[in-house]
Amino acid sequence: MSQRVTSDREALLPFAQLLPADALAAARAKALDRALELGLPTQQAEAWRHTSLLGLAKHHFTLPGAAGALDSAPHFLAEADRLVFLDGLAQPGLTQVGALPAGSQLADLSAAAPEAPALAKDASALAALNLALFQDGATLTVGAGETLPRPVELQFVNALAEGAVTAQPRLQVSLGAKARAVLVEQHRGLGDAPRFLNHQADIELAEGATLTHLIVLAEGAGTTHLAETRVTVARDARYETLVVQLGGQLVRRDLKVALAARGATALVNGAYLLRDREQADLVTEILHAAPDTTSRETLKGALAGESRQEVQACIAMAAGAARADGRLSNKTLLLGDRATIWTKPELRIYHDDVQAAHGATSGKLDEAALFYLRSRGLPLALARRLLIASFLAETLVGFDSLLTEPLQALLDARLTEIQP
């Protein structure tokens, strides 16, 4: 019997030529060795069964040699402390950071003192590759008891440099006890040039802290965007996130949230709107590792054309997680006969005194509701857009209007593209 090949080491060999020669050279070489040992995941691995990375071998990727220049700072919010990155490199001239509380800091990593981040024992090949090749990224620290006066906005603008370029940004977030912050990540592809983006984020919330984290992905037609986010939520802390996927050749977000102490809470929502042959995957795991922890997860989207979406969502109840409560729902609208959704909701329960529920459905627009709107004089395209928008509205529940109003404008514009 032949052995299944679940990783591809050969695909990572070209990246060995890209190691930056800087103060972190030793740590980078060690991380690259780890990446080569693990290899990129293939479709023989269960978690990647519907996601192929073979397209990366078609291009000879290079790191951007120097930051280009943008004329103005793109923005999601009118008022925010803002860092802007072009093809993975900071744009200092577009940085807009006002006065922060004494114990807080927001900076791009290239401006900070070089440090070698620790590589976790269970780190993936992508995490190891990121450590080997990263050039820039952002660090956010909020001191104990402090509340940031303005949201923090990170703008990642991609596909302006010529040729096939890879960017490997890092994000490090730490909130002290009872600290509060709002963080917005927006990833925007402005062209069709080949891009391989590999983002890594580590988020730690101390006791009683609250972080609201919005992620908006609207990548170009030639972009492979992979990202892994690890979140640790301490006692009575709260992590709430909304991941919005609005396009790209292949976009995949892996999110792991550990509710590590009593009273920790997670609200994880996701919305996706895809068309043509776009593919966007969302992989989540919420671990209830302590008693009296709570999670709510709502993932909804609509697929048009030949687009494809894979949702893998897991709620795990560890032994000793007494009275933990986790709920998961995934619903998808298929707007065409060639759109595809793969969904895999999962519960892993190792304690008997818990509450857990999950469900997944897919289907088409309600013909009766569509007929009702048409009978009231609405054009077909507008009626369809209204139904899709109302379907997605649940994913915005629980988030401040400061975020949902500009986000709704993005969703409306995307809906017009999908259903003109």
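**Pairing and packing in a ten-strand sheet**

Colleague: What makes this an open sheet, and in which order do the strands stand?

Modeller: In this predicted model, 10 strands form an open sheet in the order β4-β3-β7-β10-β12-β14-β16-β18-β20-β22, with mixed pairing. β4 (89-90) and β22 (355-363) stand at the edges with a single partner strand each, so one side of each has no neighbour in the sheet. Strands here are DSSP runs (E, at least two residues) and helices are runs of H or I of at least four, numbered from the N terminus.

Colleague: How do you know that β12 and β14 are paired?

Modeller: Two strands pair if DSSP finds at least two bridges between them; eight bridges join β12 (residues 210-218) to β14, and the two run parallel, with Leu-211 opposite Tyr-239 in β14. Eight bridges also join β14 to the parallel β16 (residues 265-274), where Ala-271 is the bridge partner of Val-244.

Colleague: Why is β14 called mostly covered?

Modeller: Buried means under 20% relative accessible area, exposed over 50%, and partly exposed in between, with a 1.4 Å probe and protein chains only; seven of the eight residues of β14 (238-245) are buried.

Colleague: What lies across β10, β12, β14 and β16?

Modeller: Helix α5 (residues 401-418) does, running at about 25 degrees to β16, where angles go from 0 to 180 degrees between N-to-C directions of axes fitted to C-alpha atoms, for helices over the stretch in contact (heavy atoms within 4.5 Å).

Residues are numbered from 1 along each chain as its sequence is written. Local features need pLDDT of at least 70, and side-chain atom pairs count only at pLDDT 80 or more, while totals for chains, interfaces and linings use all residues, and side-chain values use heavy atoms, leaving out hydrogens and water.
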